[in-house]
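Here's a quick walk through a protein model, starting with the overall build and then zooming in on a few residues. Have the viewer open while you read.

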Amino acid sequence: MSIVYMALSADFFHSGHLKIIKKGQALGELIVGVLTDKAVASYKRAPVLSYDQRKEVAENIKGVSQVIPQHSFSYIENLESLKPDYVIHGDDWKIGFGCKIREEVIKTLDKWGGELVELPYTPGLSSSYIAEDLRQKGINAVNRQESLRHLLDIKPVLRMLEVHNGLTGLIAEKTKVDNDNGLLEFDGMWESSLTDSVSKGKPDNASVDMSSRVSTIEQILEVTTKPIIVDADNGGLNEHFKFTVRTLERLGVSAIIIEDKIGAKRNSLFGTEASQQQDSCENFCEKIRVGKNAQVSPAMMLIARVESLILKKGMDDALARAKQYAGAGADGIMIHSCEKTPDEILEFCAKFRVFSKDIPLVVVPTSYNIVTEAELSQAGINIVIYANHMLRSAYPAMVQTAESILKHGRAHEVSDLCLPIKDILNLIPVS
């Protein structure tokens, strides 16, 4: 009997899948390769169901003789192992990023005379659209928290975008770029004290209290489903920090980052230009333990931010603190720098990874923005935060619009700078 191979993410099944499966059964023994979580996440948003759940569904479809894992978006490994007579797929991958994979499949099949069989794509049906429709209905707090840990398990590096209100949350949620490597999007959001404060017209010196920040976070969570990391500055007094942790945990915040500084709040990017004092290692370790003990469940992450490089305390101090913070229970380490190059960040990562290969490392490449995500990932970094770019890009655009209106005494000249009024009315659906 001929061997037929079909690859699926199998997150959701619809009638289009069933048509392809039925055709595959008619051609011979149908083997289904279910893409692993890492494989799916390499080219689009992480699957809703786990690999084991998706595999079990595929195994119980009539006519499927065997289900095996496909460990990457590329078919080559499984094709060369099985040497199928046929590969079956919908014809929708003739355009877009799937086109490259299609060509790869054809060349591989040619080695033993295999054939690619394509069925017409069923219009209006897409697993991605179904998944997106479900996500529009929202997400509960625990699932949102767990999603960050799951993404860390299945993706080499996560990209987080700064948000400071519901609209920027929607931008982080929905912005996608289609290229040869798949569908690129942000993995989650970063709610920072800097942009939260500045968007309210106040300085980044704790003038905006936590109750106001919680209100902003709630607005963002209400219209999004992706994980959110919250900048909690230094966490405040231990007696207060435990309540902050519980409040953010109830909301569904996926991670909290606290910095090891004390005294009046000053933004780290001032470096040594502003008077900033670092907490003792012992005190900060105790704050980490207080935060972890305050959690009701282990889903939310508490990440310790090391300011030693900002304050010019040296690499040895940064490494020593990071190791002790990890020992105190921190779920991750954020290493910060205001240098123009990534050299000291990369040096820190190389040395820290000798100590631990598993603890997530977080960076904020604001000043050293020449470095790429791929380079940071290769250095062992797990999360890259774009910490203030939504606000920084919005401000000059709004000032340009305001100045033009003043200059010309009318709004006609700024028409091309503004979203059409119909689009703004339709930006947020009524239902």
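A residue counts as buried here when its relative accessible area is under 20%. With that cut-off, buried residues make up 50% of the 431 residues in this protein, which is a predicted model.

**Overall build**

The protein has 17 helices and 17 strands. Its radius of gyration is 25 Å, close to the 22 Å from the globule rule for 431 residues, so the protein is as compact as a globular protein of that length. If you want a box, the C-alpha trace spans about 75 × 60 × 40 Å along its principal axes.

How much of the contact map comes from residues 24 or more positions apart? Taking contacts with a separation of 6 or more, such residues account for 74%.

On the outside, the accessible surface comes to about 21,000 Å², and carbon and sulfur atoms own 54% of that. As for charge, there are 49 positive and 57 negative side chains, with the centres of the two sets 2 Å apart.

**Cysteines**

How many disulfides does the structure hold? The count is 0. Take Cys285, which is in no disulfide: the nearest cysteine sulfur belongs to Cys281 and is 4.3 Å away. A pair has to be within 2.5 Å to count as a disulfide. Cys349 can't bond either, because the closest cysteine sulfur, in Cys338, is 16 Å from its own, too far for a bond.

**Four residues side by side**

Here's how the burial of the residues in this report works out.

| Residue | Relative accessible area | Class |
|---|---|---|
| Cys285 | 6% | buried |
| Cys349 | 0% | buried |
| Asn234 | 19% | buried |
| Ser297 | 28% | partly exposed |

**Two loop residues**

Asn234 sits in the loop that joins strand 10 (228–231) to helix 11 (238–251). Is Asn234 buried or exposed? Asn234 counts as buried because its relative accessible area, 19%, is under the 20% cut-off. Leaving aside neighbours within four places in sequence, the contacts of Asn234 are Ile258, Glu259, Lys261, Ile262, Gly263 and Lys287.

Ser297 is in another loop, the one between helix 12 (281–294) and strand 14 (301–306). With a relative accessible area of 28%, Ser297 is partly exposed. For a sense of distance, pair Ser297 with Leu49: the two are 248 residues apart in sequence and 22 Å apart in space, C-alpha to C-alpha.

Technical notes:
Residues are numbered from 1 along each chain as its sequence is written. This is a predicted model: local features need pLDDT of at least 70, side-chain atom pairs count only at pLDDT 80 or more; totals for chains, interfaces and linings use all residues. Side-chain values use heavy atoms; hydrogens and water are left out. Buried means under 20% relative accessible area, exposed over 50%, partly exposed in between (1.4 Å probe, protein chains only). Helices (H or I, at least four residues) and strands (E, at least two) are DSSP runs, numbered from the N terminus. The radius of gyration is taken over C-alpha atoms; the globule rule is 2.2 Å times the number of residues to the power 0.38. Contact means heavy atoms within 4.5 Å. Accessible areas come from the Shrake-Rupley method with a 1.4 Å probe; for residues, only the protein chains shown count as cover. Lys and Arg count as positive and Asp and Glu as negative; His and the chain ends are not counted. The place of a charge is taken as NZ of Lys, CZ of Arg, CG of Asp or CD of Glu.
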